[in-house]
Amino acid sequence: MSKFEYNFDTLNNLLRVKLLKNATLYKNHDFTIDEVAILKEMTTAYVGGQMSLEISDLIEEVFSVRGLSNKLEKIEIIKSLVKKGVVEIGSTNIFAFEPNNRAVENQPLLDILHSSLSLSHKFLYILEGRIQEETKEIDAYKNNFEFIEDKLQKVYLYMDKRDRTILEAEVKKLDEKIAKRLENSDIEFPLQKIIEEKELSKNEEVILLAVLSEEYSFFANVRSLRSVDNLIELVSLERYEKFENRALFRENSKLIKSGLFELETSVHFVNEQKSFSNEEIYITDEVLHTIEGG
């Protein structure tokens with residue numbers, strides 16, 4: 001069972017609010033009134049079972065505009081939401097691992113206008129209260145699991161990676177937020193101690209966090225984050241990196257040799273002549289017990 005609670009206040013507020021300036025997304029998050037209007041329309045459709053909307057129809061419905069030139073003027077709002085990682089163009093696969101390096105800045109406006117738009121899993125987590133509201137005051141961590149929850153946010157930044165520049169900026173912002181909360185906290189966090197003592201690289205840290213998220217069922221409807229193949233895909237921003245990052249899971253690698261993980265290989269038979277192997281890693285019981293403060 002997950003140790004983390006859901007909070008649907010932001011979702012309920014967005015669905016019910018009449019004046020958009022009173023929306024939680026506008027007051028506590030970095031969204032404009034026009035962006036909130038788009039997100040409200042898309043969220044209402046999503047809750048009703050519609051996973052994506054045509055951008056041309058969406059702009060016409062939200063802003064009551066017709067005509068090609070008037071609609072094209074609103075594309076900047078869509079592009080801003082894409083850059084913030086809360087919507088995706090031309091995809092309804094909210095848990096895709098493959099990087100989407102198609103820069104929206106270089107995409108023709110007409111191409112965007114006649115594409116579909118879907119909510120990203122990052123935005124869905126905002127609606128579920130899994131991504132905390134941005135506040136001016138940085139609070140101290142109240143307990144160990146509150147810290148772990150913040151750290152696990154780094155995993156879905158990698159899951160939602162669009163290009164290296166955007167990912168690095170978002171990771172930096174998250175790390176700075178965590179660092180400030182740590183400064184204000186007077187308790188120790190075993191997970192942070194492990195990361196520092198083992199001198200984990202950024203990819204090794206993400207792998208540890210990803211497998212830890214499996215222990216808590218933190219992400220719903222995601223391909224196994226214990227699978228070595230999926231983990232390699234997660235931390236690889238370019239295709240060539242997939243070959244380099246496989247070394248992270250060798251028997252003599254830091255992750256395995258240090259005792260953080262156990263590597264298990266299973267063989268699956270398709271028929272008598274054909275079979276395939278699958279590798280998965282598990283956090284050792286001792287390490288998991290330590291992370292939980294035991």
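How much area does the chain expose, and what share of it do carbon and sulfur atoms supply? In this predicted model, the chain exposes about 15,700 Å², and 47% of that area is supplied by carbon and sulfur atoms. The chain comprises 294 residues, of which 47% count as buried. Its secondary structure consists of 16 helices and 5 strands. Among the contacts in the chain with a separation of 6 or more, 68% are accounted for by residues 24 or more positions apart.

The confidence of the prediction was examined next. The pLDDT of the chain averages 85, and 84% of the residues score at least 70. Residues 91-102 form a stretch with pLDDT below 50, for which the model contains 40 contacts beyond near neighbours in sequence. The pLDDT is also below 50 over residues 133-137, a stretch with 7 contacts beyond near neighbours in sequence. Where pLDDT is low, predicted coordinates should not be read in detail.

An open sheet is built from 3 strands in the order E1-E3-E2, and the pairing is antiparallel. Strand E1 (52-54) and strand E2 (87-89) occupy the edges; each has a single partner strand, so one side of each is left without a neighbour in the sheet. On average, and with direction ignored, neighbouring strands of this sheet are turned by 30° against each other. The antiparallel strands E2 and E3 (residues 116-119) are joined by 3 bridges. Within this pairing, Leu119 of E3 is the bridge partner of Val87.

Two helices are associated with these strands, namely H3 and H4. Helix H3 (residues 33-47) lies across E1, E2 and E3, and its direction is at about 80° to E3. Helix H4 packs on the sheet and touches E1, E2 and E3, making an angle of about 80° with the direction of E1.

Helix H4 (55-63) is separated from helix H5 (68-73) by a loop that contains Ser64. The phi of Ser64 is positive, near 55°, in a residue other than glycine. With a relative accessibility of 65%, Ser64 counts as exposed, because this value is over 50%. A positive phi is also found at Glu199, which is not a glycine; here the angle is about 50°. Glu199 is placed in the loop between helix H11 (190-197) and helix H12 (202-215). The relative accessible area of Glu199 is 62%, and this residue is therefore exposed.

Helix H12, which follows the loop of Glu199, was considered in further detail. At 1.5 Å a residue, its 14 residues should span 20 Å; the end C-alpha atoms of H12 are 20 Å apart, which agrees with this expectation. Of the 14 residues of H12, 12 are buried, so the helix is largely enclosed by the rest of the structure. The buried residues in H12 are Asn203, Glu204, Glu205, Val206, Ile207, Leu208, Leu209, Ala210, Val211, Leu212, Ser213 and Glu214. After H12 comes Ser217, which has a positive phi near 50°. The loop before H12 thus holds the exposed residue Glu199, while H12 itself is largely enclosed.

Methods
Residues numbered from 1 in each chain as written. Predicted model: local features only at pLDDT ≥ 70, side-chain atom pairs only at ≥ 80, totals over all residues. Heavy atoms only, no water. Helix = DSSP H or I, 4+ residues; strand = E, 2+ residues; numbered from the N terminus. Buried < 20%, exposed > 50% of the residue type's maximum accessible area, 1.4 Å probe, protein only. Pairing = 2+ DSSP bridges. Axes fitted to C-alpha atoms, helices over the stretch in contact; angles between N-to-C directions. Contact = heavy atoms within 4.5 Å. pLDDT = per-residue confidence, 0-100. Expected span 1.5 Å × (residues − 1). Areas by Shrake-Rupley, 256 points an atom, 1.4 Å probe, with all protein chains shown as cover.
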